[in-house]
Each structure stands twice: as structure tokens, then as C-alpha cells.
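Me: Hi! Could you pick one part of this model, look at it closely, and then walk me outward from there into the rest of the fold?

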Amino acid sequence: MAKARPSPGTASRVDLLCKRFGWVPYARVLVPTGRLAYRIERAVLRGWRQELHLPPYLRREETEGHTETVSLDAVSEERALRQVLAARERLSAQAAPV
């Protein structure tokens, strides 16, 4: 998760990492605030680490953001996207005024 554009004319952290390591984003999920993006990321990572007991896939020496990785053998791109979308739905509903 990252801001789409940190400031005018600059690349996002995700774009920079993709270029540096030759990655291709699977999907981009838009959210209204960085705070919500952070909460979604934390919820998904909590599920991977605490519920599924999955360790980070990459090591610190291999990439920035290594703690935000998981093996594709354990969680497919499709499943990860579903988890992000479900967390966005749940957390957006919690934040909505009653």
C-alpha cells in the first residue's frame, strides 16, 4: 500500500520499487486516505502473520518493504487482492458515519 502520488511530479514508492526490482503491480486499489490505506495494509499483514502464520517471504537484504511480502505459494495474487478488498470494505464501513 502506498500513496498514488506523494507529490506532483514524483513517483510513488510502489512505482520506484517496481522499477528498481523489475516487478509488475498486480492491481491498484484506490482508497480516499493514506490512513485508510495503512489500516488496510495492517489488517492484511495481521491475517498473514497471526492467523495464517506466514513469515515475510523476502529478506531485508533483498528489498525494501520485505516485511510486506508473502510467498505466492501461500497466498496467490487473487487471494491477496480479495483480502485487500475485504479489508477495505470492512474498514470503510467502520469509519462511515452512522
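Reply: Happy to. Helices here are DSSP runs of H or I with at least four residues, numbered from the N terminus, and the part I would pick is helix H1, residues 13-21, together with what follows it. Please keep in mind that this is a predicted model.

Start with the two sides of H1. Its buried residues are Asp15, Leu17 and Cys18. Viewed down the helix axis, the buried residues of H1 fall within an arc of 165°, so they line one face of the helix. The face turned away from that buried side carries Leu16, Lys19 and Arg20, which are exposed. Note that a leucine appears on each side: Leu17 is buried, while Leu16 is exposed.

Now follow the chain out of the helix. Just after H1, glycine 22 takes a positive phi of about 75°. On either side of that glycine in the numbering sit the two partners of an aromatic pair, phenylalanine 21 and tryptophan 23. The count of aromatic pairs comes to 1. The rings of Phe21 and Trp23 are 5.1 Å apart centre to centre, with 20° between their planes, so the pair counts as stacked, the cut-off being under 30 degrees. Each ring belongs to a partly exposed residue: phenylalanine 21 has 29% relative accessibility, and tryptophan 23 has a relative accessible area of 36%.

What does this pair touch further along the chain? Threonine 63 is in contact with both Phe21 and Trp23, and also with Leu58. Threonine 63 lies in the loop between H2 and H3, yet at 4% relative accessibility it counts as buried.

That loop leads us to the two helices it joins. H2 (34-51) and H3 (77-95) each supply at least two residues of the largest nonpolar core, which has 13 residues. H2 gives the most, with 6 residues. Among the residues with the most contacts inside this core are Ile40, Val44, Trp48 and Leu91. In general, nonpolar side chains in soluble globular proteins tend to be buried together.

Trp48 is a good place to finish. Beyond its sequence neighbours, tryptophan 48 is in contact with residues including His53, Leu54, Val70, Val75, Ala80 and Gln83. Trp48 and Gln83 also help line the second largest pocket, along with Val44, Ala87, Arg79 and Arg90, among others. About 150 Å³ of space lies in that pocket, and H2 and H3 each supply at least two residues of its lining.

Notes. Residues numbered from 1 in each chain as written. Predicted model: local features only at pLDDT ≥ 70, side-chain atom pairs only at ≥ 80, totals over all residues. Heavy atoms only, no water. Core = buried A, V, L, I, M, F, W, Y, C linked by side-chain atoms within 4.5 Å. Buried < 20%, exposed > 50% of the residue type's maximum accessible area, 1.4 Å probe, protein only. Contact = heavy atoms within 4.5 Å. Arc of directions from axis to C-beta. Phe/Tyr/Trp six-rings, centres within 6.5 Å; stacked < 30°, edge-to-face > 60°. 1 Å grid on protein atoms, 1.4 Å probe; cavity = no way out; pocket = protein on both sides within 12 Å on 5 of 7 lines; lining within 4 Å. Points joined across faces, edges and corners; volume = space filled by probe spheres on them. Lists of a residue's contacts leave out its neighbours within four places in sequence.
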